[in-house]
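Subject: Structure for you, with notes on salt bridges

Hi there,

Here is the structure I promised to pass on. Have a look at it first, and then read my notes on the salt bridges below.

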Amino acid sequence: MADPKTQPIVVGTGKLTVGQTAERDGRGKPHLQELPMSKMSVGGGEGNSSAEDDNVFEATFSRLYGRMTWKDKMRLFWLSSTLFFIIGGYWLLRSIKDPVISTINGVESIPKAKMLSVVVVTLGVAIYNELYDRFQPHELFYIIGGFYCALFTCIGLALMHPVYGIYNTEADPSRLLGWVSYCAIESFGSIGVTNFWAFTNSVFDFDKAKKSYGLLIACAQLGSVAGPTLVTQAAIIGVPGLYFCGAACMGMAPAMVFLYVRQFGAEKDSSEAENTPSKPKKKEKAGMLEGLWLVGKYSYVQGITAISCIFMIEVTILDYAMKVLAKDKFSAQFPDDPVAATEAFASFMGFFGQATNSLSFCLSLLGTSFVLRELGLRLTLLLFPCLLVGAGALVYLYPSLELLFVMMLALKALSYALNNPCKELLYQVTSRAVKFKAKSWIDIFGQRGAKALGSVVTNFWADSAAALLSNGMVISIALSGYLLWVSKFMGEKFDEYQESGFVVGEEAEVQEPLVAAGSQGGAADTSCALDDDDDDVGSAENGEEGESVAV
């Protein structure tokens, strides 16, 4: 017979069972042993509702972006905030650069300032390449951010001066402040954003990048809206005050990176580093033009250049054609009132900007990471070129302002939401020298060159919108078809290199037969010094199987 003091007692009915080894006290009354509080639940309270809400949010977040640890989410928040300040500060200052130089130097100085800015940016990129050899990637943030924060603060103070600033309304091309302001803003837009993505590519592995880049782009879109929105309050804040706000944004970016490095370190996680080849000893520095040399040496880097730049030729042609048709439409709508025609044209372009930013924000927030994870990089790379081919064909067959508006809206939004993240992900299998040095040349001069080529086409048929749409679209479709082939090539190469662990841009001594993906051997080098031996360069481009992408 069982001892009544240790006889199990089941309390309650139904499915509720409490304590399977209840005991009796000294008077024979049953009492329960201690139960872990974590296993007891109180039904019908707010706790369940909160837990359900958390589960719904987590499930939705995981569906859109994939599962992330709390640490990964914090890393993403830190970098997203950094990009928000960079883009927000740039668009804030970009919105006032033309009014400032027009007031100080005259509106006719703007074309000359654009040409001068190319020279300044070229010098800036060369210095940036040199600084990369001397400092760690995160230290470049401190240097660049600190320099521009101080520079824009000084410009803001100078703008308050009664003689040299904007309060002297006598425009004079010899006044230095307007030129300095314009070139400073242009150079930061080129170098600051490029440096952010180079740093981000160096601290994220491919899986985390696929999950994170959509949210990063979305935060960038918020910054591009927040900056100009602040400029609308120029009457209250004042133009010098706006420069101080821009300088504050430049200062916040390196501060955020400093805190990021303190919290997470400047390298990838240790779990990621285990799968990453150890960084070899650097060779002798190659100098300021090493990034340009890297672009010329590796077909994979040339492919990144093509994906980054070729689409801009078609977008430039379509953009100009849309503006020509819009101007003609509103001029015909208000034949006797040029002011009303100009206002209608401005409203049209303002609506286009709002629609583009809104659509790109939604696609980045909800679609980018989801598409990349579901389709993979190789297939996602093909989506944008297919859209380019389709857009060119439709505009060629049915040229109209409405269709051009829709096509430009889709191309602009998807270039931000899809093409840009895919382009950045391609850097995952490249060396740091490619990520920082080659990328600076590609993003700055490759994209500017593509826009210039598009302008050559528009200028050739500038007198006839019909000829521009027909001939320009033939050129665009041909380039888009080539871009589609390049994207296919790059997707296949990326998969090969990622699977084999091959890193583009790291020199090696080949000690065994090449694997199928093409390998440059064992010991690697991220500096790609110009004085290296070229014995293995001519054949198969150091393991890239002799395939070349001409840009």
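A residue counts as buried when its relative accessible area is under 20%, and as exposed when that area is over 50%. Please keep in mind that this is a predicted model.

By that cut-off E130, at 19% relative accessibility, is buried. Its partner R134 is exposed, with a relative accessible area of 56%. The side chains of R134 and E130 form a salt bridge, with 2.9 Å from N to O. Both belong to helix α3 (residues 110-134), and because they are four residues apart there, about one helical turn separates them.

That pair is part of a wider set: searching the whole structure turned up ten salt bridges.

Helix α16 (residues 465-500) holds another pair, E496 and K493, which sit three residues apart, or about one turn of the helix. Their side chains meet in a salt bridge at 3.6 Å, N to O. Here K493 is buried, with a relative accessible area of 3%, while E496 is partly exposed at 28%.

You may also like the network: K423, E424, K439 and D443 are joined into one by salt bridges that share partners. Within this group, the side chains of K423 and E424 are linked by a salt bridge of 3.5 Å, N to O. Are these two residues, K423 and E424, buried or exposed? Both K423 and E424 are buried.

Happy browsing, and best wishes!

Terms used
Residues numbered from 1 in each chain as written. Predicted model: local features only at pLDDT ≥ 70, side-chain atom pairs only at ≥ 80, totals over all residues. Heavy atoms only, no water. Salt bridge = Lys/Arg side-chain N within 4 Å of Asp/Glu carboxyl O. Helix = DSSP H or I, 4+ residues; strand = E, 2+ residues; numbered from the N terminus. Buried < 20%, exposed > 50% of the residue type's maximum accessible area, 1.4 Å probe, protein only.
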